[in-house]
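Open your viewer, get comfortable with rotating and zooming, and keep the selection box handy. We will go from stop to stop together.

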Amino acid sequence: MFEHAPCKQMDVNVFFPDKNPGFQAKQVCFDCAYVRECRLLGLPEVHGIWGGLGQKPRERLGSALTARMTGQRPGGGGDNTPRWVVWRPIVEQILARVDAGEDLEQVMLEAGITQAEIDTLFADLDEQEAAA
């Protein structure tokens, strides 16, 4: 799916900045046809810029989704299931279906992600598309 994404032709360090906020990476992401899929793919990831989102926004959303889907408290105690354990298999299944031609948001809904969560995940992208 991502073989034609512009990031595949770039230095990976652009997307894993040490101290800068990753402005160059975010611009590449926002201009990419795969930004929504990449943003979903990045939910379980701890480091880097994924779909134009840095660690903190992904962590907030990913933690809330993980808590809801596992019945745990967001940001709760040490016995909470790590986000990547919950999300990696879900994300892989969703992206496989999208790669087979299914609609991303419909597959996300079928996977148990609410419309409000989808809207939160993609809000800034929808605003950008509306302004264009």
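Here is a short tour of some helices, their contacts and a few single residues.

Before we start, note that this is a predicted model: local features need pLDDT of at least 70, side-chain atom pairs count only at pLDDT 80 or more, and totals for chains, interfaces and linings use all residues. Residues are numbered from 1 along each chain as its sequence is written, and side-chain values use heavy atoms, with hydrogens and water left out.

**Stop 1: helix α2**

Select residues 35-42, which form helix α2. Helices here are DSSP runs (H or I, at least four residues), numbered from the N terminus. Is this helix mostly covered or mostly open? Seven of its eight residues are buried, where buried means under 20% relative accessible area, exposed means over 50%, and partly exposed is in between (1.4 Å probe, protein chains only). Colour the buried ones: V35, R36, E37, C38, R39, L40 and G42.

**Stop 2: α2 against α6**

Now add residues 115-131, helix α6. The axes of α2 and α6 come within 10 Å and cross at roughly 165°; axes are lines fitted to C-alpha atoms, for helices over the stretch in contact, and angles run from 0 to 180 degrees between N-to-C directions. That makes the two helices roughly antiparallel, the word for angles over 145 degrees. Their crossing is right-handed, meaning that the near helix is turned clockwise from the far one by less than a right angle.

Show side chains for V35, R36 and R39 of α2, together with L121, F122, D124, L125, D126 and E129 of α6, to see who makes the contact. Contact means heavy atoms within 4.5 Å. These residues divide into four nonpolar, no polar and five charged. In this scheme Ala, Val, Leu, Ile, Met, Phe, Trp, Tyr, Cys and Pro count as nonpolar, Asp, Glu, Lys and Arg as charged, and the others, Gly among them, as polar.

**Stop 3: R39**

Zoom in on R39, in helix α2. How buried is R39? Its relative accessible area is 0%. Leaving aside neighbours within four places in sequence, R39 is in contact with F30, W50, G51, G52, L53, L121, F122, D124 and L125.

**Stop 4: two cysteines**

Select C29 and C38. How many disulfides does a search of the whole structure find? The search finds zero, a disulfide being a pair of cysteine sulfur atoms within 2.5 Å. For C29, the nearest cysteine sulfur is that of C38, 5.7 Å away. C29 is buried at 7% relative accessible area, and C38 is buried at 15%.

**Stop 5: α3 against α6**

Keep α6 on screen and add helix α3, residues 55-70. The two pack at an angle of about 165°, with their axes 11 Å apart, and are therefore roughly antiparallel to each other. Their crossing is left-handed, with the near helix turned anticlockwise from the far one by less than a right angle. Here L61, L65 and R68 in α3 meet E117, T120 and L121 in α6.

**Stop 6: K26 and D18**

Next, pick K26 in helix α1. K26 counts as partly exposed, at 22% relative accessibility. Not counting residues up to four places away in sequence, K26 touches P21, I49, G52 and G54.

Finish at D18, in the segment before α1 (23-30). D18 is exposed, with a relative accessible area of 78%.

Note on methods: Angles under 35 degrees count as roughly parallel, over 145 as roughly antiparallel, 65 to 115 as roughly perpendicular and the rest as oblique.
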